[in-house]
Amino acid sequence: MLQLKALPTQTSAYAGPLLLLIFAISCYAFNDLLSQDFIYQRNAIDQWQLWRLFTGHIFHTNLAHLLLNAVAILLLWGLHGQYYHLKNYLGLTCFSALVISGAIYF
């Protein structure tokens, strides 16, 4: 049984996931305006648009995709949030994005 008192409620525990969710929802809201400059496109990365290695993970193809990723972030926070700290959470998120994008690229 899920108990609310067991959830990690310290600011350091939820700040990283909350920022990531806000950023992803904002990108989804402005998808038509921003996506062409930030989605993962291999030929654009070949032209040294390296930010796409990171930002390609934030833009979602549709609402279901966004919601599935948001639920995953929330579930991981509920399970492991007591170990989260803003700096290491965002650092690991960026590192993971870079490794995954590199694997997709090669």
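Here a biologist and a modeller talk through a predicted model.

Biologist: What is the mean pLDDT of the protein?
Modeller: Remember this is a predicted model, so low-pLDDT coordinates should not be read in detail. Here 95% of the residues reach 70 or more. The mean pLDDT comes out at 91.

Biologist: Which element has the highest mean pLDDT?
Modeller: At the bottom of the ranking sits helix 2 (residues 31-38), with a mean of 91. At the top, with 95, is helix 3 (residues 42-46).

Biologist: How many helices and strands are there?
Modeller: Reading from the N terminus, the elements go α-α-α-α-α-α. The C-alpha trace spans about 50 × 25 × 20 Å along its principal axes. The count is 6 helices and 0 strands.

Biologist: Are helix 1 and helix 5 roughly parallel or antiparallel?
Modeller: The axes of helix 1 (residues 11-29) and helix 5 (residues 63-80) come within 10 Å and cross at roughly 175°. Angles over 145 count as roughly antiparallel. The two helices are therefore roughly antiparallel.

Biologist: How do the residues of that contact divide into nonpolar, polar and charged?
Modeller: Helix 1 brings residues including Tyr-14, Pro-17, Leu-21 and Tyr-28, while helix 5 brings, among them, Leu-66, Ile-73 and Trp-77. The split for this contact is 14 nonpolar, no polar and no charged.

Biologist: Which helix gives the most to the lining of the largest pocket?
Modeller: That pocket has a volume of about 690 Å³. The elements giving two or more residues to its lining are helix 1, helix 4 (52-55), helix 5 and helix 6 (86-105). The top contributor, with 8 residues, is helix 6.

Biologist: And which residues lie nearest the centre of the largest pocket?
Modeller: The lining has 28 residues, and they divide into 20 nonpolar, 8 polar and no charged. Nearest the centre are Leu-20, His-57, Ile-58, Ile-73 and Thr-93.

Note on methods. Residues are numbered from 1 along each chain as its sequence is written. This is a predicted model: local features need pLDDT of at least 70, side-chain atom pairs count only at pLDDT 80 or more; totals for chains, interfaces and linings use all residues. Side-chain values use heavy atoms; hydrogens and water are left out. Axes are lines fitted to C-alpha atoms, for helices over the stretch in contact, and angles run from 0 to 180 degrees between N-to-C directions. Helices (H or I, at least four residues) and strands (E, at least two) are DSSP runs, numbered from the N terminus. Angles under 35 degrees count as roughly parallel, over 145 as roughly antiparallel, 65 to 115 as roughly perpendicular and the rest as oblique. Contact means heavy atoms within 4.5 Å. Ala, Val, Leu, Ile, Met, Phe, Trp, Tyr, Cys and Pro count as nonpolar, Asp, Glu, Lys and Arg as charged, and the others, Gly among them, as polar. pLDDT is the predictor's confidence in each residue, from 0 to 100. On a 1 Å grid over the protein atoms alone, a cavity is a set of points where a 1.4 Å probe fits but cannot get out, and a pocket is an open set with protein on both sides within 12 Å along at least five of seven lines; lining residues have an atom within 4 Å of a point. Grid points are joined across faces, edges and corners, and a volume is the space filled by probe spheres set on the points.
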